[in-house]
Amino acid sequence: MDSVNNGFGSARMTGSMEGATGGTLPPGLTEEEAEELRVELTKVEDEIQTLRQVLAAKERHAGDIKRQLGISPLNEIKQNISKGWQDVQSSNAYKKTQETLSQAGQVTSAALSSMGAAISERIGTMRSSPSFRSFEDRVGGLRK
């Protein structure tokens with residue numbers, strides 16, 4: 001006996017029937033207990049099959065309702081992404097990361113500004129040096 005059908009569809013027996021016919025049983029298990037477990041297993045497998053069928057029917061029904069409402073799979077994906085992004089933005093980890101990056105940006109901006117000011121000052125100092133003026137005079141003489 002490989003399968004049992006009791007109105008819910010067939011379910012395969014996952015265990016061997018050797019115990020029921022006098023074969024080797026697991027230690028501490030009588031033939032009667034093994035048979036009870038096989039019957040229970042068959043019932044559970046049938047229930048699982050029934051639940052799968054019910055779930056498939058509910059999923060089809062949900063799909064029909066979504067089509068009637070004009071909810072396409074693409075719209076559903078967009079909504080899921082939008083909801084996920086909102087969840088991320090409201091999370092503490094995101095807020096802390098955003099604050100840290102903002103502070104890092106401010107520090108970087110201040111450092112670059114300071115460096116730019118120092119470079120400008122250094123160029124101004126170089127322009128007023130005698131060697132730069134001499135170089136500028138020579139280059140300017142070539143243009144004329």
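Helices and strands here are runs assigned by DSSP, counted from the N terminus, with at least four residues for a helix and at least two for a strand. With that in hand, the layout of this predicted model is easy to follow. From the N terminus on, the elements run β-β-α-α-α-α, giving the protein chain two strands and four helices. Of the 144 residues in the chain, 7% are buried.

Let's begin with helix α1, which covers residues 31-69. Its 39 residues reach 57 Å from the first C-alpha to the last, close to the 57 Å expected at 1.5 Å a residue. Several of its residues are buried, namely A34, R38, T42, E45, D46 and G63. Just after α1 comes G70, whose phi is positive at about 80 degrees.

Charged side chains are a good way to explore this helix. E32, E33, E36 and E40 gather in a patch of negative charge on the surface. One of them, E32, has its place in helix α1. Is E32 buried or exposed? Its relative accessibility is 59%, and because the cut-off for exposed is over 50%, E32 counts as exposed.

Next, look for pairs of opposite charge. The structure holds four salt bridges, and three of them are worth a visit here. In one, the side chains of E35 and R38 meet at 3.7 Å, N to O. Why can these two residues pair up along the helix? E35 and R38 are three residues apart in α1, so about one helical turn separates them. An α-helix has 3.6 residues a turn, so residues three or four places apart point the same way. The two partners differ in their surroundings: R38 is buried, with a relative accessible area of 11%, whereas E35 counts as partly exposed at 34% relative accessibility. The dividing value is 20%, and because R38 falls under it, R38 takes the buried label.

Towards the other end of α1, R67 forms a salt bridge with D64. Here the closest N and O atoms are 2.4 Å apart. R67 and D64 also lie three residues apart in the helix, about one turn. R67 counts as exposed, at 58% relative accessibility, while D64 is partly exposed, with a relative accessible area of 37%.

Now move on to helix α2, residues 73-90. Which residue meets the side chain of D87 in a salt bridge? The partner is K83, at 3.0 Å, N to O. D87 and K83 are four residues apart in α2, again about one turn of the helix. Both count as partly exposed, with relative accessibilities of 39% for D87 and 48% for K83.

Helix α3, residues 92-127, brings a change of chemistry, and L112 is a handy place to start, since this residue lies in that helix. L112, M115, I119 and I123 form a nonpolar patch on the surface. Together these four residues have about 380 Å² of accessible area.

To retrace the route on your screen, start at the negative patch of E32, E33, E36 and E40, pass the E35 and R38 salt bridge and the R67 and D64 salt bridge, and continue to D87 and K83 in α2. The nonpolar patch with L112 and M115 among its members makes a good last stop.

Terms used
Residues are numbered from 1 along each chain as its sequence is written. This is a predicted model: local features need pLDDT of at least 70, side-chain atom pairs count only at pLDDT 80 or more; totals for chains, interfaces and linings use all residues. Side-chain values use heavy atoms; hydrogens and water are left out. The expected span of a helix is 1.5 Å times one less than its number of residues. Buried means under 20% relative accessible area, exposed over 50%, partly exposed in between (1.4 Å probe, protein chains only). Patches are made of residues with over 30% relative accessible area and no salt bridge: like charges are joined within 9 Å, nonpolar side chains (Val, Leu, Ile, Met, Phe, Trp, Tyr) within 5 Å. Accessible areas come from the Shrake-Rupley method with a 1.4 Å probe; for residues, only the protein chains shown count as cover. Lys and Arg count as positive and Asp and Glu as negative; His and the chain ends are not counted. The place of a charge is taken as NZ of Lys, CZ of Arg, CG of Asp or CD of Glu.
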